[in-house]
Amino acid sequence: MARRKKTTHMLLIEAQNNRDIQEIMLSEFERFGTEKAAADMLNITQQTFNQWKFRLGIEEEIEQIRQERRGGQAPTSDEQDGEQ
């Protein structure tokens, strides 16, 4: 699937941080370990963070970071349900 264009809000965050939005989202997720905390740091909702990760095609990288933080363990039932 082709990646969709960045939103105006994504471009604004990039301009404020002088970095690509994908890089920002990945580093914030790696730093804090949850979509909620990463979203809070970007001043967006967790739902928006989730939508953007799919829009930008970084969902696999997010999952890889999640697995690494967890030590390769399977997701808990709460995490599978989206409660992070």
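Is E14 buried or exposed? E14 counts as buried, because its relative accessibility is 14%, and the cut-off for buried is under 20%. Keep in mind that you're looking at a predicted model. Here's a quick tour, starting with a pair of helices, moving on to the nonpolar core, and ending with the charged pairs.

**How α1 and α2 meet**

- Helix α1 covers residues 8-17 and helix α2 covers residues 21-32; their axes come within 9 Å and cross at roughly 75 degrees.
- Angles of 65 to 115 degrees count as roughly perpendicular, so that's the label for α1 against α2.
- On the α1 side, the contact is made by M10, I13, E14 and N17, while α2 brings in I21, Q22 and I24.
- Sort those contact residues by type and you get four nonpolar, two polar and one charged.

**The nonpolar core**

- In soluble globular proteins, nonpolar side chains tend to be buried together.
- Here, the largest nonpolar core has 17 residues.
- I13, I21, M25, L42, I44, F49 and W52 are the ones with the most contacts inside that core.
- Five helices each supply at least two residues to this core: α1, α2, α3 (35-41), α4 (46-55) and α5 (59-70).
- Helix α2 gives the largest share, with five residues.
- M25 is a good one to click on: setting aside neighbours within four places in sequence, M25 is in contact with L42, F49, W52, K53, L56 and I58.

**A39, tucked into α3**

- A39 is found in helix α3, and with a relative accessibility of 0% this residue counts as buried.
- Which residues does A39 contact, leaving aside its neighbours within four places in sequence? They are I44, T45, Q46 and F49.
- F49 is also in contact with M25, and F49 is listed among the core residues with the most contacts.
- A39 and F29 sit ten residues apart in sequence, with their C-alpha atoms 8.3 Å apart in space.

**Salt bridges**

- How many salt bridges are there in this model? The count comes to eight.
- Back to E14: its side chain meets that of K6 in a salt bridge, at 2.6 Å from N to O.
- The two partners differ in exposure, since E14 is buried at 14% relative accessibility and K6 is partly exposed at 30%.
- E14 also belongs to the contact between α1 and α2.
- Another salt bridge links E28 with R31, and their closest N and O atoms are 3.6 Å apart.
- Both E28 and R31 lie in helix α2, three residues apart, which is about one turn of the helix.
- E28 is buried, with a relative accessible area of 12%, whereas R31 counts as exposed at 54%.
- D40 pairs up with K36, with 3.0 Å between the closest N and O atoms.
- D40 and K36 are both in helix α3, four residues apart, again about one turn.
- D40 counts as partly exposed at 39% relative accessibility, and K36 is partly exposed with a relative accessible area of 39%.
- Elsewhere, salt bridges that share partners join E35, K53, E63 and R66 into one network.
- K53 of that network turns up in the contacts of M25 as well.

Conventions. Residues numbered from 1 in each chain as written. Predicted model: local features only at pLDDT ≥ 70, side-chain atom pairs only at ≥ 80, totals over all residues. Heavy atoms only, no water. Axes fitted to C-alpha atoms, helices over the stretch in contact; angles between N-to-C directions. Parallel < 35°, antiparallel > 145°, perpendicular 65-115°, else oblique. Contact = heavy atoms within 4.5 Å. Nonpolar A, V, L, I, M, F, W, Y, C, P; charged D, E, K, R; others polar. Core = buried A, V, L, I, M, F, W, Y, C linked by side-chain atoms within 4.5 Å. Buried < 20%, exposed > 50% of the residue type's maximum accessible area, 1.4 Å probe, protein only. Salt bridge = Lys/Arg side-chain N within 4 Å of Asp/Glu carboxyl O.
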